[in-house]
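Biologist: I have a model open on my screen and would love a guided tour. Please take me through it one question at a time.

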Amino acid sequence: MDYKDFFAEKLEALRAEGNYREFIEISRQAGQFPLATQMKAPSSKSVVVWCSNDYLGMGQMRAVCEAMMKGIDRTDTCLDADAEANHLAADLAEHHQKEDAVLFTSGYLSNYEVLKTLGRQLPDCVILSDERNHASMIEGIRASGAKKRIWRHNDVADLESHLSRLAPNQAKIIAFESVYSMDGDVAPIPEICDVAERFGALTYVDEVHAVGMYGNHGAGIAEQLNCMDRLDIIEGTLAKAYGIVGGYVTASRTICEFIRQHVPDNTEVFSLPTGASAAARVSLRHLRWSTYERKRQRQAVRDLRQKLDAAGIPHIENPSHIVPVIVGDPVKCKALTDALLFDYGIYVQPINYPTVPRGTERLRINPGPLHTKDQATELVNALSTLWRQLGLSCQAA
């Protein structure tokens, strides 16, 4: 087999269908978020970033940065378990009103390892997965070898139908997200908990796009809906609203200890550098008591949606911070984002297949508390011009 030709042909096919992913090199400007420097030739220039997962700009808060540097000065940069990580785990457990927490090097890994471990260890387990769950959950469920049932997205009646056909004493896990990252819609958590309690199923919720963002103290949608105590396992990340790195799960002490004992190679997945743990604690503590960032962020979302509506740019309505602007064509989606970057100094990543279904290609815009109204106006004006140039359809203003 000619491996070189095989790989080259596959890459060319991606380019031809508009699904080739180009990773743009940008460098964030310290203290200037959401500004960054676009490094691609022929010249570097300042751009406004509208697609960062640092939802609240906490990655550039001075106190957070100083905590990371002090953590490095105090110990080193190694990935290793230490007292600071233990303190962070305790803070996260308290934050979600659970007995314990387990840290992971990433949110992807926490989903993958925990679902794999639980599905593999619980006898004759069935995992009921929302059809739009993240790839990290899907891959973890697949790796577990457990039986699985896919239920229609956010459809509690369909979930109940699947559960009703399982044996009463059979081990069951309902796995779902609170905020879905591509459409920005929100799960009906209390109703899912009602069904889980009726059929004796464990609940596993991924709150990675919600922690720091929702609830009186930023503990997520479950806090906002006052149902954290009804969920068995809450998974989150430190790499989005908290602006650091790492993932975690919170649960009862027994479940967390079971995970520690049964995840393979746990010394490599349960650790964070001391600096990251220290910075995460500062970011977590700040967002537990400050509502300023969340309020500013929500206002930025409202402002942008109003401008998009006035310009007739189609976007998916949802109750979250994620603003999906549907293009519906992979080639035009890439052309649109290239023009935004190189002609207008605006950075938004194209979201194409396989991340989203074919025909739903989109821009995923994340307004933050530090975006200005002038920047939002510039974004929408640029979109309006390019929308017409590319022959894309508008909605009635």
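Biologist: How far apart are the end C-alpha atoms of α11, and what span should its residues give?

Modeller: Helices here are DSSP runs (H or I, at least four residues) and strands are E runs of at least two, both numbered from the N terminus. The expected span of a helix is 1.5 Å times one less than its number of residues. For the 16 residues of α11 that gives 22 Å, which agrees with an end-to-end C-alpha separation of 23 Å.

Biologist: Before we go on, how are residues numbered, and what pLDDT do side-chain atom pairs need?

Modeller: Numbering starts from 1 along each chain as its sequence is written, and side-chain values use heavy atoms, with hydrogens and water left out. This is a predicted model: totals for chains, interfaces and linings use all residues, local features need pLDDT of at least 70, and side-chain atom pairs count only at pLDDT 80 or more.

Biologist: Back to α11, then: how many of its residues are buried?

Modeller: Buried means under 20% relative accessible area, exposed means over 50%, and partly exposed is in between (1.4 Å probe, protein chains only). Helix α11 is largely enclosed by the rest of the structure, because its buried residues number 13 of the 16.

Biologist: Let me pick out G275 in that helix. Which residues does G275 touch, leaving out those up to four places away in sequence?

Modeller: G275 sits in α11 and is buried, at 1% relative accessible area. Its C-alpha atom is 8.0 Å from that of D76, although the two are 199 residues apart along the chain. Contact means heavy atoms within 4.5 Å, and with sequence neighbours up to four places away not counted, the residues touched are A67, M68, G71 and I72.

Biologist: Which element gives the most to the largest nonpolar core?

Modeller: A nonpolar core is a set of buried Ala, Val, Leu, Ile, Met, Phe, Trp, Tyr and Cys residues joined through side-chain atoms within 4.5 Å. The largest one has 55 residues, of which I174, F176, I189 and L238 touch the most other members. The top contributor, with six residues, is helix α11 (residues 274-289).

Biologist: Which residues belong to the second, separate core?

Modeller: In soluble globular proteins, nonpolar side chains tend to be buried together. Here the second core has 25 residues, among them V48, C333, A339 and L386.

Biologist: Now for charges. Which residues are linked with R281 in a network of salt bridges?

Modeller: A salt bridge is a side-chain nitrogen of Lys or Arg within 4 Å of a carboxyl oxygen of Asp or Glu, and the structure holds 23 of them. The network that includes R281 also links R74, E84 and D91.

Biologist: How far apart in sequence are the parts that K334 and E22 tie together?

Modeller: The side chains of K334 and E22 meet in a salt bridge with an N to O distance of 3.0 Å. K334 is buried at 16% relative accessible area, while E22 is partly exposed at 32%. Because K334 lies in helix α13 (residues 330-344) and E22 in the loop between α1 and β1 (26-28), the parts tied together are separated in sequence by 312 residues.

Biologist: And why are E12 and R15 separated by about one helical turn?

Modeller: Their side chains meet in a salt bridge, 3.7 Å from N to O. E12 is partly exposed at 45% relative accessible area, and so is R15 at 41%. The one-turn separation arises because both are in helix α1 (residues 3-17), at a spacing of three residues.

Biologist: Where are the cis peptide bonds that involve P34 and P354?

Modeller: P34 is in the loop between β1 and β2 (35-38), and P354 is in the loop between β13 (350-351) and β14 (362-365). The bond with omega of about 15° joins F33 and P34. The one with omega of about 10° joins Y353 and P354.

Biologist: Last one: is N226 buried or exposed?

Modeller: N226 is in the loop between α8 (221-224) and β9 (233-237). Although it is not a glycine, N226 has a positive phi of about 60°. With a relative accessible area of 68%, N226 is exposed.
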